[in-house]
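Visitor: Hi! I have just opened this one and don't know my way around yet. Could you walk me through it?

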Amino acid sequence: MGTATLVPVEQYLNTSYEPDREYVDGEVVERNLGEKTHSRIQRKLLVCIDLHAKELGIESFPEQRVQVSRTRFRIPDVTVIKLSQEQGEIFTNPPHLCIEILSKDDTMQYMQQKIDDYLNFGVPYVWIINPQNRKGYVFTSEGMVEARSGVLETKDPVISVALAALFEQ
């Protein structure tokens, strides 16, 4: 995980990064991505969620900036909002669901920081998908639960994604 020199939040917001980067307390932080497995799972998630988006009143976004605090901007692999939620070009209200797909270089410390940022911001559901062991985890303010049933879910609205569908070649 590389980091750039400290920059003011205004500079971060007015700079284009390719690929986009997160901003954590003055540091512009590179994200691990670009691998085929990661991209495939991300695409399949978007397709699975979009199949029922209209009836559920939701919309999903790949790699959307979410301002989780005054000095922190995170970019989940997939972000899901309720259509009733007010959001600007950068999301400043807690989305319904933030999804992270682990890359082989992601550390537990780095991922736990992101999960904590989402939950502290008020995101009710965070899904973590681990392609290495083909498991998924649901984080809420109540804690973490492994999706042992093989299905990642949220409530209100009920969003359900079968892990097996994400790992098919």
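## A first look around

Guide: Happy to! Let's begin in a loop: Glu-63 sits between strands β3 (58–62) and β4. Keep in mind that this is a predicted model.

Visitor: What is the phi of Glu-63?

Guide: Glu-63 has a positive phi of about 50°, although it is not a glycine. Most residues other than glycine have a negative phi.

Visitor: And how exposed is Glu-63?

Guide: Its relative accessibility is 34%, so Glu-63 counts as partly exposed.

Visitor: Okay, let me zoom out. How many helices and strands does the protein have?

Guide: There are five helices and twelve strands. The radius of gyration is 15 Å, close to the 15 Å that the globule rule gives for 169 residues, so the protein is as compact as a globular protein of that length. Its C-alpha trace spans about 45 × 35 × 30 Å along the principal axes.

Visitor: What share of the residues counts as buried?

Guide: Of the 169 residues, 47% count as buried. As for the outside, the protein exposes about 9000 Å², and carbon and sulfur atoms supply 49% of that.

Visitor: Back to those strands. In what order do the six strands of the open sheet with mixed pairing come?

Guide: The order is β3-β6-β7-β8-β9-β10. β3 and β10 (143–146) stand at the edges with a single partner strand each, so one side of each has no neighbour in the sheet. From one strand to the next, the twist averages 20°.

Visitor: How many bridges join β3 to β6?

Guide: Five bridges join them, and the two strands run antiparallel. You can look for Pro-62, which stands opposite Val-78 in β6.

Visitor: Which strands do α2 and α4 lie across?

Guide: α2 lies across β3, β6, β7 and β8, running at about 165° to β3. α4 lies across β7, β8 and β9 (135–140), and runs at about 160° to β8.

Visitor: Now the sheet of four strands. What is its order?

Guide: That open sheet goes β2-β1-β5-β4, with antiparallel pairing. Here β2 (27–29) and β4 (66–69) are at the edges; each has a single partner strand, so one side of each is left without a neighbour in the sheet. The twist averages 35° from one strand to the next.

Visitor: Which helix packs on this sheet?

Guide: Helix α4 (residues 108–121) does, touching β1 (22–24), β2, β4 and β5, and its direction makes about 105° with that of β5. You have already met α4, which also lies across β7, β8 and β9.

Visitor: What joins β4 to β5?

Guide: Three bridges join β4 to β5 (residues 72–74), and these strands run antiparallel. Within this pairing, Gln-67 has Phe-73 in β5 as its bridge partner.

Visitor: Is Phe-73 buried or exposed?

Guide: Phe-73 is buried, with a relative accessible area of 1%. Leaving out residues up to four places away in sequence, Phe-73 touches several others, including Val-9, Tyr-12, Leu-13 and Ile-90.

Visitor: Let's go to the largest nonpolar core. Which residues there touch the most other members?

Guide: Of its 22 residues, those are Leu-45, Ile-49, Ile-99, Trp-127 and Ile-129. α2 (36–51) is one of the elements that each supply at least two residues of this core, and α2 gives the most, with four residues. Apart from this core lies another, of 19 residues, among them Val-24, Tyr-110, Ile-115 and Val-123.

Visitor: What does Ile-129 touch?

Guide: Not counting residues up to four places away in sequence, its contacts include Ile-41, Leu-45, Ile-99, Leu-152 and Phe-167.

Visitor: Last topic, then: where are the cis peptide bonds to Pro-19 and Pro-157?

Guide: The bond from Glu-18 to Pro-19 is cis, with omega near -5°, and Pro-19 is in the loop between α1 (9–13) and β1. The bond from Asp-156 to Pro-157 is cis too, with omega near 5°. Pro-157 is in the loop between β11 (151–154) and β12. Most peptide bonds are trans.

Visitor: What about Asp-156: what is its phi, and is this residue buried or exposed?

Guide: Phi of Asp-156 is near 50°, a positive value in a residue other than glycine. At 59% relative accessibility, Asp-156 counts as exposed.

How values were computed:
Residues numbered from 1 in each chain as written. Predicted model: local features only at pLDDT ≥ 70, side-chain atom pairs only at ≥ 80, totals over all residues. Heavy atoms only, no water. Pairing = 2+ DSSP bridges. Axes fitted to C-alpha atoms, helices over the stretch in contact; angles between N-to-C directions. Contact = heavy atoms within 4.5 Å. Rg over C-alpha atoms; globule rule 2.2 N^0.38 Å. Buried < 20%, exposed > 50% of the residue type's maximum accessible area, 1.4 Å probe, protein only. Areas by Shrake-Rupley, 256 points an atom, 1.4 Å probe, with all protein chains shown as cover. Core = buried A, V, L, I, M, F, W, Y, C linked by side-chain atoms within 4.5 Å.
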